[in-house]
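Reader: I'd like to go through this one with you, side chain by side chain. Can we start with the rings and then move on to the charges?

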Amino acid sequence: MNFKLSGAGSAPLLALALLALAPQAQALDLVEFTFGTGVGTDTAQHVAAHLTVSPVVGHKRGGAVAPHTFIDLGDGNMAMQLAMADGGYWWDFTLTADPGYTFQISDAHFAFRTRNTAGVGRTIRVWPNQDPSVLWYNAAGGDTVFNDMGPGGFGWKTDNWNAFITRQDLQTLRVQLVLGGNSGGSLAIFDRVMLEGEVLAVPEPGSALLLGGGLLGLSLMKRRRQPA
């Protein structure tokens, strides 16, 4: 038995094929640092499937590794602390997708505080796929506490953020958080960091060719149906 599909009848089938071949997105907490409960740690407490993340590392102004400590903020909620007296100035981590996957950032949450500062700059920068850095947040002031700072908050670079979250091609993302102070007694305390978004499967080359062939076939069918 032979079946013949008209151009109109093939459109729904092509739409289903496109849906099947498209990257399957799923809303996720991509990575979260809470720095441990009861015992401090510099490793992430949560990482989504198909992603890996490096430990948080503290740095001095010149980039050398700075020592860090952990403090209990109450009820076992640990935080990571860098002291200017030890050269602590900023820390970062890198989120990386497994081969065959990319990810997209849709939201971000940071909780940090400064103490004993004599003027301080607070900056969050990211490097997507080792591209030039994108500035998410930049503000200045004295001692401060943020319980849950995210996009839209004071100091957030909204235009930069809105342009960034359209990217679906992220293979690596380096996140750097700087809390500097002019006083040798300054402390930078990092309580929580969470990035939310989607993990995307990259279509295999064969699937991409099949999709291209389907689109070409549909184009040819439309041309044949047009009157001469």
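Reader: Let's take Trp91 to begin with: is it buried or exposed?
Author: Keep in mind that this is a predicted model. The cut-off for buried is under 20% relative accessible area. Trp91 comes out at 0%, so Trp91 is buried.

Reader: Which aromatic residue does Trp91 pair with?
Author: The structure holds 11 aromatic pairs. One of them has Trp91 in an edge-to-face arrangement, with 6.3 Å centre to centre and 75° between the planes. Its partner also counts as buried, at 0% relative accessibility. That partner is Phe35.

Reader: How many residues apart in sequence are the parts that Phe35 and Trp91 tie together?
Author: Phe35 sits in the loop between S1 and strand S2 (46–47), while Trp91 belongs to strand S7. The pair therefore ties together parts of the chain whose separation in sequence is 56 residues.

Reader: Staying with S7, which residue makes a salt bridge with Asp92?
Author: Asp92 is buried, with a relative accessible area of 8%. Its salt-bridge partner is partly exposed at 30%, and the N to O distance is 2.6 Å. The pair links distant parts of the chain, 82 residues apart, with Asp92 in strand S7 (residues 90–97) and the partner in strand S12 (residues 172–181). The partner is Arg174.

Reader: And over which ring does the charged end of Arg174 sit?
Author: The cut-off for a charge over a ring includes a distance within 6 Å of the ring centre. Here the charged end of Arg174 is 5.0 Å from the centre. The ring belongs to Trp127.

Reader: Back to salt bridges: which residue meets Glu32 in one?
Author: Glu32 is buried at 17% relative accessible area, and its partner is partly exposed at 24%. The N to O distance is 3.0 Å. Glu32 lies in strand S1 (residues 27–33) and the partner in strand S13 (residues 187–201), so the pair ties together parts that are 160 residues apart in sequence. The partner is Arg192.

Reader: Which residues are joined into one network by salt bridges that share partners?
Author: Start from Asp169, which forms a salt bridge with Arg167, the closest N and O atoms being 2.9 Å apart. Both are partly exposed, Asp169 at 36% and Arg167 at 22%. Salt bridges with shared partners make one network out of Asp131, Arg167 and Asp169.

Reader: Over to S8, then: how many of its residues are buried?
Author: Strand S8 covers residues 101–115. It pairs with S13 in the antiparallel sense over 14 bridges, and with strand S11 (residues 144–145), also antiparallel, over 2 bridges. S8 is mostly covered, and the buried count is 11 of its 15 residues.

Reader: What is the bridge partner of Phe110 in S13?
Author: Phe110 touches several residues beyond four places away in sequence, among them Arg192, Val193 and Leu195. Of these, the bridge partner in S13 is Val193.

Reader: How many residues does the largest nonpolar core have?
Author: Nonpolar side chains in soluble globular proteins tend to be buried together. Here, those with the most contacts inside the core are Ile105, Phe110, Phe112, Trp136, Phe190 and Leu195. Phe110 and Trp136 also share one aromatic cluster with Tyr137, Trp156, Trp161 and Phe164. The core's residue count is 39.

Key. Residues numbered from 1 in each chain as written. Predicted model: local features only at pLDDT ≥ 70, side-chain atom pairs only at ≥ 80, totals over all residues. Heavy atoms only, no water. Salt bridge = Lys/Arg side-chain N within 4 Å of Asp/Glu carboxyl O. Helix = DSSP H or I, 4+ residues; strand = E, 2+ residues; numbered from the N terminus. Buried < 20%, exposed > 50% of the residue type's maximum accessible area, 1.4 Å probe, protein only. Pairing = 2+ DSSP bridges. Core = buried A, V, L, I, M, F, W, Y, C linked by side-chain atoms within 4.5 Å. Contact = heavy atoms within 4.5 Å. Phe/Tyr/Trp six-rings, centres within 6.5 Å; stacked < 30°, edge-to-face > 60°. Lys NZ or Arg CZ within 6 Å of the ring centre and 35° of its normal.
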